Amino acid sequence: DLEVVEKRILKTSKLLKSGSKEAKAEVEVLQKIKACLDDGKPVRQAELTEDELALTNDMNLLTLKPTLYVANVAEDEAATAQDDNEFVQRVKEYAAKENAEVIAISARVESEIAELDEEEAKEYLETIGLEESGLDRLIKAAFKLLGLLTFLTAGPDEVRAWTIRNGTVAPKAAGKIHSDIERGFIRA
């Protein structure tokens with residue numbers, strides 16, 4: 001990220017000489033990002049405004065991407081580790097500094113669930129005090145972190161899940177299926 005930002009500063013500084021107001025604003029944002037990176041912090045911690053973030057969209061900075069930490073815990077802690085485990089708490093404290101999310105799962109429990117059929121897996125989860133598998137919680141946490149949601153369509157030929165950004169209006173969501181549906185959208 002630092003290399004990308006430094007190259008962009010050089011490129012934008014050349015435009016700045018022509019008196020471009022956009023270039024001036026971009027250089028200011030880039031300097032703010034560079035300072036954050038020089039301090040060894042991810043760009044997520046730079047506290048950029050929406051307008052400043054818009055200037056960085058085409059740069060695809062890795063440390064600006066949302067982060068999800070997955071903590072592996074012991075099998076007997078699978079149900080309570082999210083709140084009780086001291087190591088998970090340490091990871092949460094670290095993640096909070098980076099504006100990141102944390103989820104605790106037990107890899108051993110997940111491997112055992114993978115070998116069971118659906119009914120047995122459900123019973124096993126109940127016996128250890130879990131409502132859903134770690135994989136399901138991981139998927140939900142990832143969707144939440146990325147600002148995504150799923151809607152379903154069903155017909156005689158297929159049932160399908162569609163992924164859209166949270167807050168997408170119904171006509172736009174319908175356009176995800178087919179542009180004709182978006183144009184002819186009446187109501188949901």
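Biologist: Where is the place of N60, and what makes its phi notable?

Modeller: N60 sits in the loop between helix 3 and strand 1, where helices are DSSP runs of H or I with at least four residues and strands are runs of E with at least two, both numbered from the N terminus. Its phi is positive, about 50°, although N60 is not a glycine. Most residues other than glycine have a negative phi. This is a predicted model, in which local features need pLDDT of at least 70 and side-chain atom pairs count only at pLDDT 80 or more, while totals for chains, interfaces and linings use all residues. Residues are numbered from 1 along each chain as its sequence is written, and side-chain values use heavy atoms, with hydrogens and water left out.

Biologist: Why is E47 called exposed?

Modeller: The relative accessible area of E47 is 69%, and exposed means over 50%, buried under 20% and partly exposed in between, with a 1.4 Å probe and protein chains only, so E47 counts as exposed. E47 lies in the loop between helix 2 and helix 3 (50–56), and, although not a glycine, E47 has a positive phi of about 55°.

Biologist: Why is the pair of Y69 and Y94 called edge-to-face?

Modeller: A search of the whole structure finds one aromatic pair. Rings of Phe, Tyr and Trp (its six-membered ring) pair if their centres lie within 6.5 Å, and planes under 30 degrees apart count as stacked, over 60 as edge-to-face and the rest as tilted. The centres of Y69 and Y94 are 6.0 Å apart and their planes stand at 75°, so the pair is edge-to-face. Y69 belongs to strand 1 (residues 68–72) and Y94 to helix 5 (residues 86–97), 25 residues apart, so that the pair links distant parts of the chain.

Biologist: What makes Y69 and Y94 partly exposed?

Modeller: Y69 has a relative accessible area of 24% and Y94 one of 46%, and therefore each counts as partly exposed.

Biologist: Which elements give two or more residues to the largest nonpolar core?

Modeller: The largest nonpolar core has 12 residues in all, including V5, I9, A46 and M59; such a core is a set of buried Ala, Val, Leu, Ile, Met, Phe, Trp, Tyr and Cys residues joined through side-chain atoms within 4.5 Å. Helix 1 (2–16) and helix 2 (21–38) are the elements that give two or more residues, and helix 2 gives the most, with five.
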